[in-house]
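Morning, everyone. I have one structure to walk through today. Please keep the display open while I talk.

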Amino acid sequence: MGKYDFTTMPNRFGHHTYKWKEAETDREVLPAWIADMDFEVLPEIRQTVHDYAEQLVYGYTYASDGLIEAVQNWEENQHGYTFDKEALVFIEGVVPAISIAIQAYTKEGEAVLINTPVYPPFARSIKLNNRKLITNSLLVKNGLFEIDFEQLEKDLVENAVKLYLLCNPHNPGGRVWEKEVLEKIGQLCQKHGVLLVADEIHQDLTLFGHKHHPFNTINPDFKDFSIILSSATKTFNIAGTKNSYAVIENSKLRLAFQKRQLANNHHEISGLGYLTTETAYRYGKDWLGELKEVIENHINYVVDLFGKKTKIKVMKPQGTYLMWLDFSAYDISDEELRKLLRDEAKVILNRGLDFGEEGAQHARLNVAMPISVLEEVCQRIVTTFAKV
């Protein structure tokens, strides 16, 4: 038995929890979609929130030296990435930071590239900012996503791409891109004058011995044209406290980012976000170690069960607590798939098509919940698809 409790289901009702919103009106439904975890937070974070309540004034705050040091130490100790404190820019979330970067580094009508299928706000942010969306389809080889580099270079050149939004570790595929892959990406960006924004929010959730490599640690030259985005929120289940950060080592790029951030009034951060982030990075290492063991066991359970009892093809993730499920062997439409999951099985997964057209007949499953709940979710899916 570990030190922390990952078997008790916290009460998610009555808290306006987005993930459990549908279950508020239909208690039979089990949500296994949005990427937050149905686990209790690190006890020290809970204590920090209690201490914050005792302040009695919840006014404007700034990033303390302690917080900056905690982020730097975490990045260095966990990922071998060292950078000056000047390079660190706090912002309320990675998704707002993506929009800021798009606005700061590209003009309307210019091309921004993503590898699809990918986290839905990537495409949404590009389109809503009136940029030209370029999708580079990932290939599936040996049950994993791979980048087609020949096609990638073609896409970059033919569309005069200005900005490349990279997801590493990848959501929804759980792919932890290797050094060689990142080196190739960096060289292509360098060769064709493309800026790279790396969303590394899942960096701490690498599994099964896989290692995350921050983009800027691959080659010192890459720091000139890259922006790294990350946060403690995904890792430590504190998304509602709102805080993330960008690491921008090129001072010109950093100034442009901060100027746009100020223009959008996105420079203020939740005081609670600052505090929970510092606490997570100071005291969360052991909790994270136990969490990852739990997630690995949950992933193995899903792979084994669906492999034996269904025709669902499961992409086993190298990182994240998210699993990409392929239902194409059932020969049903996306609408039928959604109905079978939601109305028959009474489970909510993320719709595959939301991640791009490659997501047809797919769904994304979140396994970050007590094993008793995950077993119920999966057994419902097995029972439902046994009849299809």
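One cut-off before we start: a residue is buried under 20% relative accessible area, exposed over 50%, and partly exposed in between. Take alanine 53. Its relative accessibility is 36%, so alanine 53 counts as partly exposed. Keep that scale in mind; I will use it again. And please note that this is a predicted model.

Let me stay with alanine 53 for a moment. It sits in helix α2, which covers residues 43-53. Now look across to leucine 272. Along the chain, alanine 53 and leucine 272 are 219 residues apart. In space, their C-alpha atoms are separated by 9.6 Å.

Now the whole protein. It has 13 helices and 15 strands. Along the principal axes, the C-alpha atoms fill a box of roughly 60 × 55 × 35 Å. What about the radius of gyration? A compact globule with 388 residues would come out near 21 Å, and the protein has 21 Å, so the two agree. Of those 388 residues, 56% count as buried. The protein exposes about 17300 Å². Carbon and sulfur atoms supply 48% of that area.

How do the contacts spread along the sequence? Take the contacts between residues at least 6 apart in sequence. Of these, 74% join residues at least 24 apart.

Next, two residues with long-range partners. Start with arginine 175. Find it in the loop between β7 and α7. Is arginine 175 buried or exposed? Its relative accessible area is 2%, which is under 20%, so arginine 175 is buried. Which residues does it touch, leaving aside neighbours within four places in sequence? The contacts are Leu144, Phe145, Glu146, Asn168, Pro169, His170 and Gln318. Histidine 212 is another position to mark. From arginine 175 to histidine 212 is 37 residues in sequence and 10.0 Å in space, C-alpha to C-alpha.

Second, leucine 340. This one is in helix α12, residues 334-344. Leucine 340 is buried, because its relative accessible area of 17% is under 20%. Setting aside neighbours within four places in sequence, leucine 340 is in contact with Ile332, Ala345, Thr384, Phe385 and Val388. Also pick out isoleucine 381. It is 41 residues along the chain from leucine 340, and the two C-alpha atoms are separated by 8.7 Å.

Now the backbone. As a reminder, most residues other than glycine have a negative phi, and most peptide bonds are trans. Here are some exceptions.

First, the cis bonds. Threonine 116 to proline 117 is a cis peptide bond, with omega near 5°. Proline 117 lies in the loop that runs between β3 (111-116) and α5 (121-128). Asparagine 171 and proline 172 are also joined by a cis peptide bond; omega there is about 25°. Where is proline 172? Look in the loop between β7 (161-167) and α7 (179-192). Arginine 175 is in the loop between β7 and α7 too.

Then positive phi. Asparagine 237 has phi near 60°, and it is not a glycine. Its place is the loop between α8 (233-236) and β10 (244-247). Asparagine 265 is not a glycine either, yet its phi is positive, about 55°. That residue is in the loop between α9 (251-263) and α10 (271-283). How do they stand on the accessibility scale? Asparagine 237 has a relative accessible area of 17%, so it is buried. Asparagine 265 has 58% relative accessibility, which is over 50%, so it counts as exposed.

Last item: empty space. Rolling a probe the size of a water molecule over the atoms shows where such space is left. How many cavities of 30 Å³ or more does a search of the whole structure find? It finds 1. The volume is about 40 Å³. Which residues line it? They are Ala35, Asp36, Met37, Thr233, Lys234, Asn237, Ala239 and Tyr321. The lining divides into 4 nonpolar, 2 polar and 2 charged residues. Note that Asn237 is in that list. It is the asparagine with the positive phi from a minute ago.

That is my tour. Over to you.

Terms used. Residues are numbered from 1 along each chain as its sequence is written. This is a predicted model: local features need pLDDT of at least 70, side-chain atom pairs count only at pLDDT 80 or more; totals for chains, interfaces and linings use all residues. Side-chain values use heavy atoms; hydrogens and water are left out. On a 1 Å grid over the protein atoms alone, a cavity is a set of points where a 1.4 Å probe fits but cannot get out, and a pocket is an open set with protein on both sides within 12 Å along at least five of seven lines; lining residues have an atom within 4 Å of a point. Grid points are joined across faces, edges and corners, and a volume is the space filled by probe spheres set on the points. Ala, Val, Leu, Ile, Met, Phe, Trp, Tyr, Cys and Pro count as nonpolar, Asp, Glu, Lys and Arg as charged, and the others, Gly among them, as polar. Helices (H or I, at least four residues) and strands (E, at least two) are DSSP runs, numbered from the N terminus. Buried means under 20% relative accessible area, exposed over 50%, partly exposed in between (1.4 Å probe, protein chains only). The radius of gyration is taken over C-alpha atoms; the globule rule is 2.2 Å times the number of residues to the power 0.38. Contact means heavy atoms within 4.5 Å. Accessible areas come from the Shrake-Rupley method with a 1.4 Å probe; for residues, only the protein chains shown count as cover.
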